Every structure is written in structure tokens, then in C-alpha cells.
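Biologist: I would like to learn how to read a protein model. Can you take me through a few features, one by one?

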Amino acid sequence: MNKRKSWQIIDGKLPVDLVEHLRRVVQQHNEWRDSLPNPLEPPWALFPTYERGSMGWRMGAGEDYMLHFRLWYVALDAQAQADYQMAEPEPEGWRGFYDSLRK
């Protein structure tokens, strides 16, 4: 029998099992993030079937990766960004991608 959780906030406190669940989700995400290579692969290399405007970048693994990639890329100094762009040029359909990250 599968018992559903209501996870109601009582007296301003989250239920203990919800807190534990959220900790596990965050830990799994952090483990995934920490397992990524440095430098990161460009999004089009990691998800070659996703076009630039694909819904895949707005949900699921594509969304997670794009968010992390953006944070990683904008943290690079200008020279490191230029070096990365030379090593990983934008393919057709992705022109202007690197510039869009800085906005």
C-alpha cells in the first residue's frame, strides 16, 4: 500500500520527512554538478539532438545543464571566455549564444 504524503506545514515547520527528502534531492543534484568535467562541454555537444530553441533547454536535464553552464561560463574572466570560444566555436544555429550568456 502506497501512503501519500501531504507534507503540510504545521506551526511554521516543514515535516521532518520532507526536509530529509529535500536534502537527498539537493545532494543528488550537487553530486551530478560536481561530476561534470572542467571545462564544461558546450550544450550542443552534450545534447546534440537539442536545437538552440528546444524545449529540452527549459526542462529536465537540459535545463539543469544550461543553468550550470551559464553560471560556469560567466564566472570565467574575459580571456578564458575568449579562449573557450576559440576552442568551442558556436555551430550553425547557435550564433550569438556566448554573447547571450552575458546578458
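Modeller: We will go through helix packing, charged pairs, a backbone angle and some distances. Keep in mind that this is a predicted model.

Biologist: Let us start with helices. How do I describe two that pack together?

Modeller: Two packed helices are described by the angle between their axes and the distance between the axes. Take helix 3, residues 60-75, and helix 4. Their axes come within 8 Å and cross at roughly 125°. That makes helix 3 oblique to helix 4, because angles from 65 to 115 degrees count as roughly perpendicular and those over 145 as roughly antiparallel.

Biologist: Which residues of helix 3 and helix 4 make the contact?

Modeller: Helix 3 brings Phe69, Trp72, Tyr73 and Val74. Helix 4 brings Gln81, Tyr84 and Gln85.

Biologist: Let me look at Phe69. Is Phe69 buried or exposed?

Modeller: Phe69 sits in helix 3. Its relative accessibility is 0%, so Phe69 counts as buried. Now list what touches Phe69, leaving out residues up to four places away in sequence. You find Leu40, Glu41, Pro42, Pro43, Tyr84, Phe97, Tyr98 and Leu101. Glu41 is 28 residues from Phe69 in sequence, with 8.4 Å between the C-alpha atoms.

Biologist: Next, charges. When do two side chains pair?

Modeller: Side chains of opposite charge can pair when their charged atoms come close. For a salt bridge, the cut-off used is 4 Å between nitrogen and oxygen.

Biologist: How many salt bridges does that rule give?

Modeller: The count is 3 salt bridges. One joins the side chains of Arg23 and Glu20, at 2.8 Å from N to O. These two are 3 residues apart in helix 1, so about one helical turn separates them. Glu20 is partly exposed, at 35% relative accessibility.

Biologist: And the others?

Modeller: Arg95 and Glu92 meet at 3.7 Å, N to O. Glu92 is exposed, with a relative accessible area of 67%. Then there is Arg102 with Asp99, whose closest N and O atoms are 2.4 Å apart. Both partners are partly exposed: Arg102 has a relative accessible area of 42%, and Asp99 has 46%. Asp99 belongs to helix 5.

Biologist: What about a charged residue without a salt bridge? Where is Glu90?

Modeller: Glu90 is in the loop between helix 4 (78-87) and helix 5 (97-101). Glu90 is buried, yet has no salt bridge. The nearest side chain of opposite charge is Arg95, 5.1 Å away. Compare that with the 4 Å cut-off, and you see why the pair does not count.

Biologist: What does the side chain of Glu90 lie next to, then?

Modeller: A polar atom of the Glu90 side chain lies 2.8 Å from the backbone nitrogen of Phe97. Leaving out residues up to four places away in sequence, Glu90 touches Trp44, Arg95, Gly96, Phe97 and Tyr98.

Biologist: Now the backbone. What should I look for in phi?

Modeller: Most residues other than glycine have a negative phi. Look for exceptions. Asp11 has a positive phi, near 55°, and is not a glycine.

Biologist: Where is Asp11 found?

Modeller: Asp11 is in the segment before helix 1 (16-34). Asp11 is exposed, with a relative accessible area of 73%.

Biologist: Last topic: sequence against space. How do I compare the two?

Modeller: Pick two residues. Count the places between them along the chain, then check the C-alpha separation. Glu51 and Gly93 are 42 residues apart in sequence and 7.5 Å apart in space. Glu51 is in the loop between helix 2 (43-46) and helix 3. At 62% relative accessibility, Glu51 counts as exposed. Glu51 also touches Trp57 and Trp94, with residues up to four places away left out.

Biologist: Can you give me other pairs to try?

Modeller: Try Ala80 and Asn30. They are 50 residues apart along the chain, and their C-alpha atoms are separated by 24 Å. Ala80 lies in helix 4 and is partly exposed, with a relative accessible area of 27%. Then try Asp99 and Trp7. They are 92 residues apart in sequence and 43 Å apart in space, C-alpha to C-alpha.

Notes:
Residues numbered from 1 in each chain as written. Predicted model: local features only at pLDDT ≥ 70, side-chain atom pairs only at ≥ 80, totals over all residues. Heavy atoms only, no water. Helix = DSSP H or I, 4+ residues; strand = E, 2+ residues; numbered from the N terminus. Buried < 20%, exposed > 50% of the residue type's maximum accessible area, 1.4 Å probe, protein only. Lys, Arg positive; Asp, Glu negative; His and termini not counted. Polar contact = N/O pair within 3.5 Å; in protein donor to acceptor, adjacent residues only side chain to side chain. Contact = heavy atoms within 4.5 Å. Axes fitted to C-alpha atoms, helices over the stretch in contact; angles between N-to-C directions. Parallel < 35°, antiparallel > 145°, perpendicular 65-115°, else oblique.
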